[in-house]
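Grab a pencil and work through these exercises with the model open beside you. Each task comes with a solution that goes step by step.

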Amino acid sequence: MIIVDILICLVLLAAGVGAMLQRNLVASSVLVGVVSLMVSILFLRIGAPDVAMTEAAIGAGLSTVIFLIAVRRTEEEEQ
Amino acid sequence: MKQIFSLALLAITGWLLWSLVPYGQATEPGPVSSHYIAHGLQENGGSNLVTSIVVNYRGFDTLGEVTVLFLSVAGAGFVLRRRSGQRRVAPRPSSEFVQTGARMLFAPMVLFGVYIFVHGHLTPGGGFQGGAVIASAVLMLLLADRDHHLPHGFMGWLESLAGFGYVLTGFLGLAIGGSFLANKGVLPLGQWNRLFSAGVIPIIYTLVGLKVGTELSTLLDVMVDSGRDHGEADAHGQKGGAA
Amino acid sequence: MVDRVLILAMALAGAGMLLALIRLLRGPNIPSRAVALDVLTLITMPVMVGLAITSGRVIYLDVALVYGILSFLGVISLARYFDQGV
């Protein structure tokens, strides 16, 4: 089971660093959605199903949509 | 340059947290936690210990949390409202798949959200998670049908009544049980693992679920809708409402 | 027997996650990243069910249900963003 933990942490770190280094803000919000997904699995792994369900309910649809609406109303490229 | 600096800061913070915080080691629970673990089931009657802590032992903090959520949604809704004279390009109507799928899936999603907050004392979940699922169902309708109007008056009344009901339950606990938001003696504790058990906890979580669901739906409607022209001509010269 | 099948299933899911990660990081434009996000959410559901089987708790299945129902909203909103819908 340790291999699942290592894999999830690897995806988490890669997506997190990628979200920081991107110039396009929409791509960053997609990568933040991936980070939220991996964090939800990790919460389930350490035995906290309530927190995992909260993270899933908010990070799956709502968080990405709010970021996209905010990016649509302002600029798209980071200076 | 800025990115290298942030990466270095991240690495230093990670190393500091790794060496200072004992991850993965089982620590002994303190006196308060031991009391919750030992007596949580018989004092509350619900299977979910997290729910009984959130609603009963720390119920006043949950009331404060619901208030903070209400204030933040009110503030965001006020700032993001469409001012008179603002117009934006009306969106193109979505495809047949999305419209039909959204209409078919709306009812099961709302039912699932209601299941989550009604069973808050039995399975993981509760008011906030169920409210977020209901708001996601309303978001799906808003994305699929560009002319969908949410009944703002009804949702405002529902949200206010749910919040008022929470405080009223607290006063009921004060009148019957002896302290604000008390769980003893207001409603019977019932048998373990049944739907009608755990005293006032299902009622409180139902009210919280309704409140959070309608709140987040209103916020999403304001955000998606800001700048939409109801019934006026949009930038392409066509009347709004032609699907 | 169940243990070996479970390990094989988790290994396959892990391989799928790695491939989706490569597409997520390398994708030249945003729709390919959106497809990678969709694949990752699709793979996450069996991983959560596998965690529920190995730890033996039925309550973990509710989280997989929530993710299964809500995961397509992010992809739809991305598609509507490019369609001038949001």
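Helices here are DSSP runs of H or I with at least four residues, numbered from the N terminus. Keep in mind throughout that this is a predicted model.

**Exercise 1. Place B:Ser217 in its chain and decide whether it is buried or exposed.**

Step 1: start with the chain. Chain B has eight helices and zero strands, so its pattern along the sequence is simply α-α-α-α-α-α-α-α, counting helices as DSSP runs.

Step 2: find the residue. B:Ser217 sits in helix 8, which covers residues 201–225 of chain B.

Step 3: check the accessibility. The cut-off for buried is under 20% relative accessible area. B:Ser217 has 1%, so it is buried.

Step 4: list the partners. Once neighbours within four places in sequence are set aside, B:Ser217 contacts B:Ala135, B:Val138, B:Leu150 and B:Met155.

Step 5: zoom out to the chain. Of the 243 residues of chain B, 40% count as buried. Take the contacts in chain B between residues at least 6 apart in sequence: 71% of them join residues at least 24 apart. Chain B exposes about 13800 Å², with 70% of that supplied by carbon and sulfur atoms.

**Exercise 2. Describe chain A, then work out where A:Thr64 fits in.**

Step 1: count elements. Chain A has three helices and zero strands, running α-α-α from the N terminus.

Step 2: get the dimensions. The C-alpha trace of chain A spans about 45 × 25 × 10 Å along its principal axes.

Step 3: look at burial and contacts. In chain A, 51% of the 79 residues count as buried. For contacts with a separation of 6 or more, residues 24 or more positions apart account for 55% in this chain. The accessible surface of chain A is about 3400 Å², and 71% of it belongs to carbon and sulfur atoms.

Step 4: now the residue. A:Thr64 lies in helix 3 of chain A. Its relative accessibility is 4%, so A:Thr64 counts as buried.

Step 5: compare sequence with space. A:Thr64 and A:Val32 are 32 residues apart in sequence, yet their C-alpha atoms are 8.1 Å apart.

**Exercise 3. How does the radius of gyration of chain C compare with that of a compact globule of 86 residues?**

Step 1: set up the chain. Chain C has four helices and zero strands, giving the pattern α-α-α-α.

Step 2: make the comparison. A compact globule of 86 residues would come in near 12 Å, but chain C has 15 Å.

Step 3: add the box. The C-alpha atoms of chain C fill roughly 50 × 25 × 15 Å along the principal axes.

Step 4: add burial. Of the 86 residues of chain C, 49% count as buried.

**Exercise 4. What covers the buried residues of helix 3 and helix 4 of chain C?**

Step 1: take helix 3, residues 61–70. Its buried residues are C:Asp62, C:Val63, C:Ala64, C:Val66, C:Tyr67 and C:Leu70.

Step 2: find their cover. It includes helix 2 and helix 3 of chain A, helix 5 (96–118) and helix 6 (127–144) of chain B, and helix 2 and helix 4 of chain C.

Step 3: repeat for helix 4. The buried residues there are C:Leu73, C:Gly74, C:Ile76, C:Ser77, C:Leu78, C:Arg80 and C:Tyr81. Their cover includes helix 2 and helix 3 of chain A, helix 5 and helix 6 of chain B, and helix 2 and helix 3 of chain C.

Step 4: try one residue of helix 2. C:Leu37 is in helix 2 of chain C and, at 8% relative accessibility, counts as buried. Leaving out residues up to four places away in sequence, C:Leu37 touches A:Val30, A:Gly33, A:Val34 and C:Leu24.

**Exercise 5. Which residues line the largest cavity?**

Step 1: survey the cavities. A search of the whole structure finds three of 30 Å³ or more. The largest cavity has a volume of about 90 Å³.

Step 2: read off the lining. Chain A gives A:Gly33, A:Leu37, A:Gly59, A:Ala60 and A:Thr64, while chain C gives C:Leu37, C:Asp38, C:Thr41, C:Tyr67, C:Ser71, C:Gly74 and C:Val75.

Step 3: assign elements. Those giving two or more residues to this lining are helix 2 (25–45) and helix 3 (49–73) of chain A, plus helix 2 (30–55) and helix 4 (72–82) of chain C.

Step 4: sort by class. The lining has five nonpolar, six polar and one charged residues.

Methods
Residues are numbered from 1 along each chain as its sequence is written. Chains are lettered from A and ligands numbered from 1 in the order in which they are written. This is a predicted model: local features need pLDDT of at least 70, side-chain atom pairs count only at pLDDT 80 or more; totals for chains, interfaces and linings use all residues. Side-chain values use heavy atoms; hydrogens and water are left out. On a 1 Å grid over the protein atoms alone, a cavity is a set of points where a 1.4 Å probe fits but cannot get out, and a pocket is an open set with protein on both sides within 12 Å along at least five of seven lines; lining residues have an atom within 4 Å of a point. Grid points are joined across faces, edges and corners, and a volume is the space filled by probe spheres set on the points. Ala, Val, Leu, Ile, Met, Phe, Trp, Tyr, Cys and Pro count as nonpolar, Asp, Glu, Lys and Arg as charged, and the others, Gly among them, as polar. The radius of gyration is taken over C-alpha atoms; the globule rule is 2.2 Å times the number of residues to the power 0.38. Buried means under 20% relative accessible area, exposed over 50%, partly exposed in between (1.4 Å probe, protein chains only). Contact means heavy atoms within 4.5 Å. Accessible areas come from the Shrake-Rupley method with a 1.4 Å probe; for residues, only the protein chains shown count as cover.
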